[in-house]
Amino acid sequence: MAGAPGPFTPVDLAVQCGRPLLLRQPFSADCFDQVILGCVNVLAEEMNPARIAALRLGMGAAMPAHTVQINCGSGMLAIDGGCQAIRGGEADLVLAGGSESLSHAPLYFNKQATAWFAALNGAKTLPQRIKVLSRVRPGFFAPVIGLLKGLTDPVVDLNMGQTAEVLAHLFDISRPAADEYAAQSHRRLAQAQENGWLKEELTPAFATSGECYDADNGVRPDTTAARLEGLKPVFEKPWGVVTAGNSSQVTDGASWVVLASETAVERHGLEPMARIVDSQWSALDPSIMGLGPVLSATELLKRGDYGLGDIDLWEINEAFAAQVLACLRAWQSDEFCRTVLGLDSAMGAIAAERLNIDGGAISLGHPVAASGNRIVLHLANSLKRLGLKRGIASQCVGGGQGGAMLLEAV
Amino acid sequence: MKTSKTVDILAVLDSKRLELGPVASSDDHPNKHWTLTRDDAAIAWLVFDKQGSSANSLDEAVLEELDTILAGLETDRPRALVVRSAKASGFCVGADVGMFRGETDSAAVAQRLQRAHAIVDRLSQLPVATLAVIHGPCLGGGLELALACDQRIAIAGATFGFPEVLLGLHPGLGGTFRATALINPVEAMTLMLTGKTVPAAKANRLGLVDAVTEERHVLNAVADMAAGKLPAARPPWFSPIFNLSPVRAMAARRMEQEAAKKADRRHYPAPFALIELWRELGGKGNKQGSDHKAMQTAEIQSFARLVTSPTGQNLIRVFFLREQLKKLASDGHAVAATDPDIRHVHVVGAGTMGGDIAAWCAFSGLKVTLADREPKMIAAAIARAATLCKRKHLSGTEQRAVLDRLIPDLAGDGARHADILIEAVPEKADIKAAVYRELEAKMKPSAILATNTSSIPLEDLRTELTNPSRFLGLHFFNPVAQMQLVELVSHDGLDDSCRTRALSFIDTISRLPAPVNSSPGFLVNRVLTPYLLEAMLLLDEGVNAETIDQAAIDFGMPMGPVELADQVGLDICIAVADMLADQLDGKMPAVPQWIRKKVEAGETGRKSGQGLYSWSNGSADKKNDPGVDEDNSLTDRLILPLLNTCVSCLREQVVDASAGQQQDVLDGAVIFATGFAPFRGGPLHYARQRGIDDVVNALQTLAAEQGDRFSPDPGWRTLQ
């Protein structure tokens with residue numbers, strides 16, 4: 001969902017999304033061994049949203065639950081953590097998800113205002129209080145928007161859109177190329193929605209107002225590169241490449257997956273969607289965080305001795321069109337692959353029909369902590385639908401990181 | 001990996017333990033209903049624990065025993081006295097209404113009351129500091145006992161109220177003068193006039209209790225009270241103004257207006273008697289020189305009059321009818337205790353009935369899956385559930401928990417987990433059959449399959465089922481959250497344990513069961529339809545709708561039949577009437593053609609804005625002056641068909657014989673499902689009070705005038 005403040009907090013979304021999933025299971029909700037939830041913008045009234053969600057989902061008072069946070073990779077990190085618990089023998093069933101309500105991101109008082117409040121609090125006598133009160137300035141009450149703060153890297157002082165501008169420059173991504181990629185994302189999502197390819201992984205959210213949110217409202221099937229051309233750059237005016245049209249959309253959403261050991265699969269007669277083979281987290285300079293997928297996915301390929309062509313399907317989270325295109329260019333660059341990835345030559349190209357085949361965050365939205373979880377789920381569903389074997393889901397992570405996960409169909 | 005079953009640790013630790021002072025040794029309590037101990041600080045603990053009962057209530061034995069104990073405390077004085085209940089269920093639910101059942105001698109009642117008052121006065125005059133520590137419900141006589149203590153503290157979760165007015169009475173053990181003297185008298189009168197209970201926090205704001213705390217702080221609170229350090233709640237500064245009789249008279253006039261909106265003075269005299277009592281004598285030490293004593297005497301006289309009046313006696317009867325139905329359900333609970341508990345309800349069909357049944361079950365603490373193909377229907381049901389929570393004053397957290405439990409289920413996955421499945425889809429046998437096929441394939445072997453059908457015989461519906469022995473009817477009434485009755489419909493192939501578990505389910509959701517056999521219209525619609533049809537015939541004869549409705553209201557019905565038909569929906573009324581005409585060979589009058597035409601034209605009643613009345617903003621536009629039904633001829637035309645059908649139902653054993661006391665169950669069911677004039681004690685009771693012969697004669701006269709539909713049912717003979 002996109003737009004004005006939504007009716008759902010991160011935990012509300014996690015509950016709305018989790019209830020139908022739990023109902024589908026042949027076992028009761030308290031059979032899980034733990035719950036892990038990725039969430040970046042945690043609300044003050046929902047500290048450790050994983051545990052609140054577990055309780056509200058009726059999973060029982062005895063359900064351990066923790067929240068993980070690695071920005072845009074949080075939902076995938078939750079899956080990774082669950083996998084490790086299962087591999088280590090501590091768990092047989094894990095509920096792993098990601099939830100984000102960007103429309104609920106808080107407003108903060110700025111530093112001067114905070115200091116003034118503290119001084120007022122410390123003023124004991126009436127004259128002292130009057131003195132402090134007289135120091136109030138209108139600027140104190142200009143709110144700091146939590147979301148913008150969160151989307152700005154505090155180390156390199158660039159916002160996420162600017163890091164995409166850096167990549168566009170370094171990899172020579174043109175505005176038309178970025179716009180064309182964005183238009184394709186909308187076309188692909190529209191087609192997937194029309195064919196019901198997302199049905200399995202979508203559930204409506206019901207608000208107490210009686211409204212039913214049953215479709216993502218970000219998609220614009222009539223988007224073309226020509227239409228996008230008219231938009232002004234938002235992050236680096238007036239000459240930048242990155243516009244609202246070729247960036248991911250700020251939205252609310254949640255996603256869960258059930259992770260099960262072989263024992264649990266047998267015990268409950270479950271039907272696995274896919275097997276998680278391997279995962280990798282990598283890091284680099286925050287100002288080029290968008291290249292994260294190249295680093296982490298390459299590690300997976302190296303370990304499995306695969307080339308790009310051995311991977312049947314790719315999900316690379318569409319933070320920005322320019323950023324996805326930069327990743328593709330990096331793999332095509334001899335120099336980058338040699339000097340950075342330690343390869344003999346370029347990895348090559350990922351065919352357009354194997355990458356983000358049903359659109360992505362540009363058309364569907366990027367509810368930060370939910371996205372990494374959703375692309376893993378969608379990858380598993382796509383492999384199944386197309387009868388393909390192997391896939392990698394990956395996302396860049398604000399702060400200069402990347403995460404990737406290798407799945408195989410069963 | 002889980003190695004053991006999880007334990008409810010909080011339950012193991014038993015946090016609800018009550019602080020009852022030192023443990024009483026066997027020689028400490030030669031009493032039956034009270035124990036008295038003394039702790040190291042010389043504080044006496046007087047603990048109310050009525051013998052052989054799970055809840056405390058006041059009766060003469062309890063009060064006499066209290067009197068003996070108080071006499072002892074007067075001579076051997078403790079530093080302070082704590083009064084509280086040992087029952088987990090709460091402090092005290094009031095006086096035992098059974099004491100007054102069948103009592104018609106008001107002087108004798110007044111005498112018994114004087115004795116009871118003397119005992120409560122003794123507590124209030126005890127020369128030591130007294131404190132009532134209250135958990136759970138503290139109602140009626142229980143609250144009056146607590147008001148006789150110097151101070152009161154509430155444990156969070158306690159509730160306070162004077163429900164006497166709901167029984168056609170007002171407080172009779174000192175409540176009228178103690179409550180109006182302690183707190184803002186207008187607030188006290190509101191409590192007594194509405195019968196509403198208030199939570200602890202509100203009781204504290206009103207000044208009924210001096211503090212609200214948790215069980216874990218009771219000992220410290222008691223110590224503070226004994227040391228005189230527990231600050232007392234004070235009546236508001238403006239309270240003395242009500243000592244002026246003109247001010248009281250003004251306030252009393254307002255109260256009378258409000259009371260008249262709720263209840264007809266002719267049928268429900270209690271609120272008006274209470275207002276009169278306060279208007280005359282409510283000003284403590286005012287110019288007329290009245291005081292507690294005068295008000296006490298007047299309270300006793302007035303209460304004795306009310307409780308021995310026909311209205312009082314009939315409402316006491318209704319109280320016991322409710323208890324009787326409740327007991328049917330809770331007995332089901334006890335028997336079904338060994339069977340799998342019903343915790344998850346799956347409702348199919350999110351229309352008005354299905355959606356509201358689902359919401360009510362979630363509100364009652366159950367996990368509910370609400371299945372419908374149409375997300376918009378579910379969304380609307382969720383919104384109605386949210387409204388219900390608000391109307392019930394739930395906190396944000398409580399409302400969220402209810403709505404978290406109410407799970408939209410577009411895929412129908414809940415059917416596999418549910419303990420009971422309730423079908424509430426349109427009244428078409430083929431649609432229902434398709435639903436049952438799907439549900440039977442998914443449901444657990446131990447689960448119950450229920451239908452909310454109001455018109456299709458279960459014998460027809462069960463033919464498609466693989467296992468009809470777990471199939472039964474649960475017929476709810478609209479609006480679900482307000483109508484207390486649920487018809488539990490059996491058939492000859494029903495497994496007995498399913499029936500008991502269904503009773504227990506009805507208990508869990510705080511509804512009253514009417515066990516009935518599968519027969520056309522079951523009980524409630526069967527008896528209501530002739531009444532509605534007769535109203536339509538009267539319209540046909542040219543009588544104004546307003547006149548017809550007023551006749552029914554004058555009789556004591558909550559709403560006239562014309563308005564009711566519009567409320568229910570004319571389309572539904574016609575469907576039920578046609579079904580009954582079809583399935584019963586009989587005396588059912590035909591629906592006038594012009595009403596059928598109305599429905600065809602879309603004028604179906606309230607929901608369409610136009611029916612027998614025009615509707616705007618949810619209320620009927622009543623234009624005509626109703627006039628007066630001088631000789632009750634209209635009333636008889638309306639009510640007698642209903643009575644006659646009740647007797648047919650009794651004769652045909654529509655009420656399940658295994659419920660026992662079929663006549664009482666019938667009376668209770670008709671009252672709790674239709675609002676049939678409660679002060680008349682039920683349709684059969686009314687017929688008895690009026691005289692069976694008189695009713696039968698009236699029916700015969702009407703039969704001669706109007707036709708066969710009035711000819712008395714053969715069953716009347718057995719009632720004579």
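**Exercise 1.** Which residues of helix H26 (residues 683–690) of chain B are buried? Describe how they are placed in this predicted model.

*Solution.*
Step 1. Apply the burial criterion: a residue is buried if 20 or more other C-beta atoms lie within 10 Å of its own. In H26(B) this selects Pro683(B), Leu684(B), Tyr686(B) and Ala687(B).
Step 2. Look along the axis. The buried residues span an arc of only 160° around it, so they sit on the same side of H26(B).
Step 3. Find what this side packs against. The partners of the buried residues of H26(B) are three helices of chain B: H24 (633–651), H25 (662–674) and H27 (692–706).
Step 4. Check what follows the helix. After H26(B) comes Gly691(B), with a positive phi near 110°.

**Exercise 2.** Determine how strand S3 (residues 93–101) of chain A is covered and which strands it pairs with.

*Solution.*
Step 1. Count the buried residues: 9 of the 9 residues of S3(A) are buried.
Step 2. Split them by direction. Leu93(A), Leu95(A), Gly97(A), Ser99(A) and Ser101(A) point one way, while Val94(A), Ala96(A), Gly98(A) and Glu100(A) point the other way.
Step 3. Take the parallel neighbour. Strand S1 (residues 34–38) of chain A is joined to S3(A) by 5 bridges, and Val35(A) stands opposite Leu95(A).
Step 4. Take the antiparallel neighbour. Strand S10 (residues 252–260) of chain A is joined to S3(A) by 9 bridges, with Ser255(A) as the bridge partner of Gly98(A).

**Exercise 3.** Characterise the side of chain B that touches chain A.

*Solution.*
Step 1. Count the contacts: 22 residues of chain B are in contact with 23 residues of chain A.
Step 2. Assign elements. Those of chain B that give two or more residues are strand S11 (367–371), helix H14 (375–391), helix H15 (396–405) and strand S12 (406–409). H14(B) gives the most, with 8 residues.
Step 3. Sort by chemistry: this side of chain B has 12 nonpolar, 4 polar and 6 charged residues.

**Exercise 4.** Which residues touch the most other members of the largest nonpolar core, and what does Leu406(B) touch?

*Solution.*
Step 1. The core holds 344 residues, and those that touch the most other members are Val35(A), Ala322(A), Ala385(B), Leu406(B), Leu421(B) and Leu523(B).
Step 2. Leave out residues up to four places away in sequence. Leu406(B) then touches Ala358(B), Ala359(B), Ala362(B), Val368(B), Leu370(B), Ile382(B) and Ala385(B).

Terms used:
Residues numbered from 1 in each chain as written. Chains lettered and ligands numbered in written order. Predicted model: local features only at pLDDT ≥ 70, side-chain atom pairs only at ≥ 80, totals over all residues. Contact = placed C-beta atoms within 7 Å. Helix = DSSP H or I, 4+ residues; strand = E, 2+ residues; numbered from the N terminus. Nonpolar A, V, L, I, M, F, W, Y, C, P; charged D, E, K, R; others polar. Buried ≥ 20, exposed ≤ 12 C-beta atoms within 10 Å, placed from the backbone. Pairing = 2+ DSSP bridges. Core = buried A, V, L, I, M, F, W, Y, C linked by C-beta atoms within 7 Å. Arc of directions from axis to C-beta.
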